[in-house]
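Here is a short note for a colleague opening this entry for the first time. Please keep the sequence and the structure side by side while reading.

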Amino acid sequence: MKISLYADADADSAKAKEIAGTGGFSQVLTMPVDTLFLHLTNEGLRLERDSLFVMGDFDAMKRRLKHGNLSGEMLVKAMRLKDVPEPSVIDATAGMGEDSLLLAAAGFHVDLYEYDPVIAALLSDALLRARTVPELSEAVDRMKFFQKDSVRAMHDMAEAPDAVFLDPMFPKRQKSGLVGKKFQLLQQLEKPCDNEEELLAAALMLRPRKVVIKRPLKGPFLAGHKPSYSLTGKAIRYDVIMP
Ligand SMILES: C[S@@+](CC[C@H](N)C(=O)[O-])C[C@H]1O[C@@H](n2cnc3c(N)ncnc32)[C@H](O)[C@@H]1O
């Protein structure tokens with residue numbers, strides 16, 4: 001899908017040029033109607049269609065990031081390595097980076113990989129804004145973002161991380177309401193995940209201590225690979241493979 005970039009008159013024009021250049025988006029002077037487009041406002045970058053929009057919002061996660069709350073997060077429990085206080089992690093399917101932020105706030109050093117240029121632009125913008133927020137900046141300093149295919153990157157890696165995290169699919173069904181509608185904007189971009197086997201094979205090939213896979217509660221194992229154990233919540237399951 002061809003996505004164009006529209007910048008408000010009071011938005012940073014140098015930033016608009018940089019986003020367009022990095023993602024290969026054509027900049028338009030009139031706001032697109034009836035189609036998905038990127039919209040640079042002075043509050044940040046949005047993916048928008050007919051006044052419905054989604055933008056990276058790490059601010060909304062501040063409560064979840066508080067120290068006492070983090071230890072209860074299932075993702076943190078699934079990724080934790082008892083003998084490594086600040087493990088290195090590859091988030092091979094970064095998306096909007098929310099899972100990575102949880103891990104970074106819990107002390108993990110996270111390398112994030114996202115190959116979709118639109119999602120990568122939204123994520124870069126969210127990370128940039130979060131650097132200036134006192135409650136977020138320490139965690140964001142532990143996050144390093146790469147706009148790359150993680151399968152290739154993992155094949156080229158000389159050193160194994162302590163753990164790899166995989167979350168290849170945005171949830172298919174969402175209840176009606178704004179959150180659901182916002183996710184529908186992202187789903188309009190996403191190609192079905194057709195690289196499950198390659199993702200898992202590349203992660204296992206690195207021989208990390210753990211590969212953790214986020215799945216819908218009743219979803220099948222990724223690439224049919226039976227995990228060593230699973231942590232289950234109300235709607236989500238974490239399958240943990242100890243290679
Ligand atoms: C479900 S989303 C991840 C959501 C993420 N956990 C979060 O907290 O926002 C999956 C993302 O993985 C990306 N992806 C899938 N395969 C990839 C690959 N081989 N390299 C980089 N990104 C990939 C997709 O473009 C999509 O944005």
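Which of the 22 residues around the ligand come nearest?

1. **The ligand shell.** The nearest are Thr93, Gly95, Glu98, Asp99 and Ser150, out of 22 residues around the ligand. Two elements give two or more residues to this shell: H5 and helix H8 (150-156). By class, the shell divides into 11 nonpolar, 5 polar and 6 charged residues. Please bear in mind that this is a predicted model.

2. **Helix H5.** This helix spans residues 98-105 and is mostly covered. Of its 8 residues, 7 are buried. They are Asp99, Ser100, Leu101, Leu102, Leu103, Ala104 and Ala105. Asp99 therefore appears twice in this note: it is buried under the cut-off of 20 or more other C-beta atoms within 10 Å, and it is among the residues that come nearest to the ligand. After H5 comes Gly107, with a positive phi near 105°.

3. **The sheet.** Seek out the open sheet of 7 strands. Its order is S8-S7-S6-S9-S10-S12-S11, and the pairing is mixed. At the edges lie strand S8 (143-146) and strand S11 (229-232), each paired on one side only. On average, neighbouring strands are turned by 20° against each other, direction ignored.

4. **Inside the sheet.** Strand S9 (residues 163-166) and strand S10 (residues 210-216) run parallel and are joined by 4 bridges. One pair to look up is Val164, whose bridge partner in S10 is Val211. Helix H10 (residues 196-205) packs on the sheet here and touches both S9 and S10. The direction of H10 makes about 170° with that of S9.

5. **The S8 edge.** Strand S7 (residues 109-113) runs parallel to S8, with 4 bridges between them. Asp111 has Lys144 as its bridge partner in S8. Which residues of S8 are on its covered face, and which on its uncovered one? Met143 and Phe145 make up the covered face, while Lys144 and Phe146 make up the uncovered one.

6. **Two domains.** The domain assignment gives domain 1 (4-54) and domain 2 (59-241). Their centres, taken over C-alpha atoms, are 26 Å apart. The contact between them involves 11 residues of domain 1 and 12 residues of domain 2. On the domain 1 side, helix H1 (13-23), strand S4 (44-49) and strand S5 (52-54) each supply at least two residues. S4 gives the most, with 4 residues. By class, this side of domain 1 has 7 nonpolar, 3 polar and 1 charged.

7. **Backbone points to check.** Most residues other than glycine have a negative phi. Two residues here deserve a look. Ser51 is not a glycine, yet has a positive phi of about 65°. Ser51 sits in the loop between S4 and S5. Is Ser51 buried or exposed? Ser51 counts as exposed, because it has 7 C-beta neighbours inside 10 Å and the cut-off for exposed is 12 or fewer.

8. **The second such residue.** Ala223 also has a positive phi, near 55°. Ala223 belongs to the loop between S10 and S11. With 16 other C-beta atoms within 10 Å, Ala223 is partly exposed.

Terms used: Residues are numbered from 1 along each chain as its sequence is written. This is a predicted model: local features need pLDDT of at least 70, side-chain atom pairs count only at pLDDT 80 or more; totals for chains, interfaces and linings use all residues. Two strands pair if DSSP finds at least two bridges between them. Axes are lines fitted to C-alpha atoms, for helices over the stretch in contact, and angles run from 0 to 180 degrees between N-to-C directions. Two residues are in contact if their C-beta atoms, placed from the backbone, lie within 7 Å. Domain bounds come from an automatic or database domain assignment. Ala, Val, Leu, Ile, Met, Phe, Trp, Tyr, Cys and Pro count as nonpolar, Asp, Glu, Lys and Arg as charged, and the others, Gly among them, as polar. A residue is near a molecule or strand if its C-beta atom, placed from the backbone, lies within 6 Å of it.
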